[in-house]
Amino acid sequence: MKINLISDTVTKPTAGMLNAMMTAEVGDDVFKNDPSVNALEEKVAKMFGMEAALFFPSGTMTNQTAIKLHTQPGEQLICDKYAHVFNYEGGGVSFNSGVSCRLLDGQRGMVTSKQVEDAINPPDFYHSPLTSLVCIENTTNKGGGACWDIEELKKIKAVCEKHGLHYHLDGARLWNALVAKKEGPKQYGALFETISVCLSKGLGCPVGSVLLGSKENINDALRIRKIFGGGMRQSGFLAAAGIYALDNHITRLAEDHKKAAEIGTELASLNFIKKVEPIETNIIIFEIDEDFMSSENFNSKLAEKDIHIISMGQGKLRMVTHMDYTDEMHNYFLKTLKRL
Ligand SMILES: *Cc1c(COP(=O)(O)O)cnc(C)c1O
């Protein structure tokens, strides 16, 4: 029994999802003629109470498109030092948009409105880059699946309005935050100018992300997506998986969260674990006490049992629970941990 906890992106489509894909009605989406893609875009826009949406092949492309929408070359965006847009998008912020990142020293990927306001360059001081965008991530990936306090996000929105900054949410795992905090998508739709959400993480789709925004923003995003090479043809087969996931796979995220919390409790009870970061959703980040066991040794002991996790560097290890991590695997894994 292979247990793969390296990410929630390792899931494979369920029988129900595959059936939805196989029976999808499709057309050519580059001509905006794919009924399934159009239906997905309308559905997501409606969920968030936003005007329009656009289907993308990846979350990286949705974020990069949003950054391109909201900035001009030479400008600067503000984000936490852990942000995916800064750390894990291949330097796309500078490559695609010619923009620099002002990194904030937050807690588990989250910052305060004061930190944001203090980081804005004075617009009349032409020696420094013009600050034009604030990027938020919820849940935070490198921050261990932490969920924001929505009140802080409202305060940051007020700072953005006061200083004329654009406001983007990288919501790759926003679904996890909505379930964990019992919030609704419309609360987020009312806060941000653009939101990117992933269908290929906890929701279990093989491919797909969606960018949300105003009609005008999404119309401009269509051109940028084309430039980035993200126009797809019969992508309705993929959009159908997305529609299926939105209808069937959101509330079940609570099961992933429960399993993650149980793994966290088990880890915390082991004498060779130095630290387990707080667990709010499906991500578990922890450190091994190297006096007892090296993290390489821990990893290889698990790998011998066909259990796979990932290193995040700086001595941190990560596991992510997901749809394909079954109850049976979970019980076996907890038992295995006890016996290491
Ligand atoms: C996964 C992820 C993305 C997008 O990743 P893709 O692999 O390009 O789909 C963006 N932001 C965060 C926080 C993520 O975890």
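**Exercise 1. Decide whether Leu 178 is buried or exposed, and place this residue in the fold.**

Solution. The relative accessibility of Leu 178 is 7%, so the residue counts as buried, where buried means under 20% relative accessible area, exposed means over 50%, and partly exposed lies in between (1.4 Å probe, protein chains only). The model is a predicted one, in which local features need pLDDT of at least 70 and side-chain atom pairs count only at pLDDT 80 or more, while totals for chains, interfaces and linings use all residues. Residues are numbered from 1 along each chain as its sequence is written, and side-chain values use heavy atoms, with hydrogens and water left out.

The next step is the secondary structure: Leu 178 belongs to helix 8, helices being DSSP runs of H or I with at least four residues and strands being runs of E with at least two, numbered from the N terminus. Leaving aside neighbours within four places in sequence, Leu 178 is in contact (heavy atoms within 4.5 Å) with Glu 183, Gly 184, Pro 185 and Tyr 188. Finally, Leu 178 and Asn 138 are 40 residues apart in sequence, yet their C-alpha atoms are 9.5 Å apart in space.

**Exercise 2. Describe the setting of Asn 176, and find the side chain with which its own side chain makes a polar contact.**

Solution. Asn 176 lies in helix 8, which spans residues 174-181, and with a relative accessible area of 1% this asparagine is buried. Its side chain makes a polar contact of 3.0 Å with the side chain of His 257; such a contact is a pair of N or O atoms within 3.5 Å, and within protein one atom must be able to donate a hydrogen and the other to accept it, with residues adjacent in sequence counting only if both atoms are side-chain atoms. Beyond four places in sequence, the residues in contact with Asn 176 include Thr 139, Leu 253 and Asn 282.

Thr 139 deserves a further step, for the peptide bond leading from Asn 138 to Thr 139 is cis, with omega near -5 degrees. Thr 139 itself is found in the loop between strand 5 (131-137) and helix 7 (150-163).

**Exercise 3. List the residues around the ligand, and state which polar atoms approach its oxygen atoms.**

Solution. Counting a residue as near when one of its heavy atoms lies within 4 Å, the shell consists of Ser 58, Gly 59, Thr 60, Asn 63, His 84, Glu 89, Glu 137, Asn 141, Asp 170, Ala 172, Arg 173 and Lys 201. By class, one of these is nonpolar, six are polar and five are charged, under a scheme in which Ala, Val, Leu, Ile, Met, Phe, Trp, Tyr, Cys and Pro are nonpolar, Asp, Glu, Lys and Arg are charged, and the others, Gly among them, are polar. Helix 3 (residues 59-70) gives the most to this shell, with three residues.

As for distances, a polar side-chain atom of Thr 60 lies 2.6 Å from a ligand oxygen atom, a backbone N or O atom of Gly 59 lies 2.8 Å from one, and a polar side-chain atom of Asn 141 lies 2.9 Å from one. The protein covers 83% of the 380 Å² of accessible area that the ligand has on its own, with areas computed by the Shrake-Rupley method with a 1.4 Å probe.

**Exercise 4. Locate Arg 108 relative to Asn 141, and find the backbone oxygen that lies 3.0 Å from a polar atom of its side chain.**

Solution. Arg 108 sits in the loop between strand 4 (100-104) and helix 6 (113-118). Although Arg 108 and Asn 141 are 33 residues apart in sequence, their C-alpha atoms are 8.9 Å apart in space. The backbone oxygen in question is that of Pro 278, and Pro 278 is also among the residues that Arg 108 touches, as are Tyr 82, Thr 140 and Glu 280.

**Exercise 5. Compare the settings of Lys 32 and Lys 182, each of which has a positive phi.**

Solution. Lys 32, with phi of about 60 degrees, lies in the loop between helix 1 (15-22) and helix 2 (35-48), and at 30% relative accessibility counts as partly exposed. Lys 182, with phi near 50 degrees, lies in the loop between helix 8 and helix 9 (185-189), and at 75% relative accessibility counts as exposed.
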